[in-house]
Amino acid sequence: MTTKIIGTGHYVPERIITNDDLAMIMDTSDEWISERTGIHQRRIDTGEGVVQMASKAAKNALENAGIMAEELDMIIVATSTADYLFPNTASLVQRELGNHQCTCLDLSAACTGFLYGLNTAHAYIKAGMAKTALVIGSECLSKTMDWTERSTCILFGDGAGAVVVTEAETGIEEIVSHSDGRKGEVIICDSRPLENFLVKKDVTYAYTRMDGQEVFRFAVKTVPECIHELLEKAGIGVEEVDHFILHQANERIIHSVSKRLKAPLERFPMNLQNYGNTSAASIPILLDECNRAGMFQSGDKIVLSGFGAGLTWGAILLTW
Ligand code: ACO
């Protein structure tokens, strides 16, 4: 018995910000951003927030799966940009969906968050603690950006993606999952600063800081290694994988992974040109777009791979 994706959904804010729009508020250009990243535009939230985006993606996924919210035993939201410190995002999504008893938990693992979420749902299902679960990645990264820091803010966008999973005979086949906290500083965003009756501070808000080149080097080395580790565990070759659904950070990272794996680029669908890097939301948004485009056939082998702050990374092999 394993865990199968039976429905997908996504939601992105309506407001499109193109590279040319950014060039009007900072010293950058469409040419620089497109060439270095492949990103042409991103969606920016103007007030909905992580809970609303997550709920809309979730409703979409439930509809696609053909099940009711009441049938869910568990809701997991992967996010690093929650609307509230508490209650957790998943409980507020549950309220929006109208299921009032299932387990709800949030999970923070940056751009690897959705994969960790899927692993967690799978573990609950394998342990008999849940039968059907909703796994969501929802992010409002725009609120963590310093919009005067051109090398970082141009990369990110807001949005949410979701999948419904249930126990089944085929589905998730193999998982690898890793973290290395020693490189935590290479992409980091502070939480609320400590300020209480013992510690008085001038409260300043800190934004996302990133060593772009270090992240780039980490991604192009670690992702192929981790996919090789995954396929070795599963006992299959790279050529047997039909689709590689990678975290959508940068087109050059995906090109490099394709080259290092010696797998044709056509097997690496991309949508980062439209949405930028949406962190935990990027894999489920892409999954949903590919699913609705009819790209996946029953029996296809799909590799999902995420990587990001922590540092965290991992990969999942599944049969569609
Ligand atoms: N527009 C124009 N010029 C810019 C911009 C910009 N938006 N940003 C930086 N520059 C300038 C720099 O100031 C620098 O100028 P200088 O040479 O006069 O000093 C020049 O461009 C080169 O800057 P670099 O930082 O060296 O540019 P690089 O080629 O490394 O590209 C980038 C930067 C795109 C961030 C790259 O390092 C990258 O893609 N890294 C991966 C980051 C990533 O994907 N992070 C995702 C977040 S975490 C995750 O999802 C895993």
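Here are some friendly notes on the ligand site and on a few backbone features of this predicted model.

1. **Where the ligand sits.** A good place to start is the pocket: the ligand occupies the second largest one. Residues for the shell around the ligand come from both domain 1 (2–169) and domain 2 (174–319), so the ligand lies between the two domains.

2. **Who surrounds the ligand.** The shell holds 24 residues, and the closest are T28, R36, Q213, H247 and N250. By type, the shell splits into 11 nonpolar, nine polar and four charged residues.

3. **Polar contacts to look at.** Three side chains are worth bringing up on your screen. In T28, a side-chain N or O atom is 2.6 Å from a nitrogen atom of the ligand. In Q213, a side-chain N or O atom lies 2.7 Å from an oxygen atom of the ligand. W32 also takes part, with a polar side-chain atom 3.3 Å from a ligand oxygen.

4. **How much of the ligand is covered.** Taken on its own, the ligand has 1000 Å² of accessible area, and the protein covers 74% of that.

5. **Which elements build the shell.** Five elements each give two or more residues to the shell around the ligand: the helices α2 (30–37), α6 (150–153), α7 (212–234) and α8 (251–261), together with the strand β12 (301–308). Which of them gives the largest share? That is α7, with four residues.

6. **A cis bond before a proline.** Moving on to the backbone, F86 and P87 are joined by a cis peptide bond, with omega about 0°. P87 belongs to the loop that runs between β4 (74–78) and α4 (89–97). For context, most peptide bonds are trans.

7. **A second cis bond, towards the end of the numbering of the strands listed here.** G310 and L311 are also linked by a cis peptide bond, and omega here is about -5°. L311 is found in the loop between β12 and β13 (312–319). The strand on one side of this loop, β12, is among the elements that give two or more residues to the ligand shell.

8. **A positive phi.** K262 has a phi near 60°, a positive value in a residue other than glycine. Most residues other than glycine have a negative phi. Where is K262 placed? K262 is in the loop between α8 and α9 (272–275), and α8 is another of the elements giving two or more residues to the shell around the ligand.

Notes: Residues numbered from 1 in each chain as written. Predicted model: local features only at pLDDT ≥ 70, side-chain atom pairs only at ≥ 80, totals over all residues. Heavy atoms only, no water. Near = heavy atom within 4 Å. Polar contact = N/O pair within 3.5 Å; in protein donor to acceptor, adjacent residues only side chain to side chain. Areas by Shrake-Rupley, 256 points an atom, 1.4 Å probe, with all protein chains shown as cover. 1 Å grid on protein atoms, 1.4 Å probe; cavity = no way out; pocket = protein on both sides within 12 Å on 5 of 7 lines; lining within 4 Å. Sits in = over half its atoms within 2 Å of the grid points. Nonpolar A, V, L, I, M, F, W, Y, C, P; charged D, E, K, R; others polar. Domains from an automatic or database assignment.
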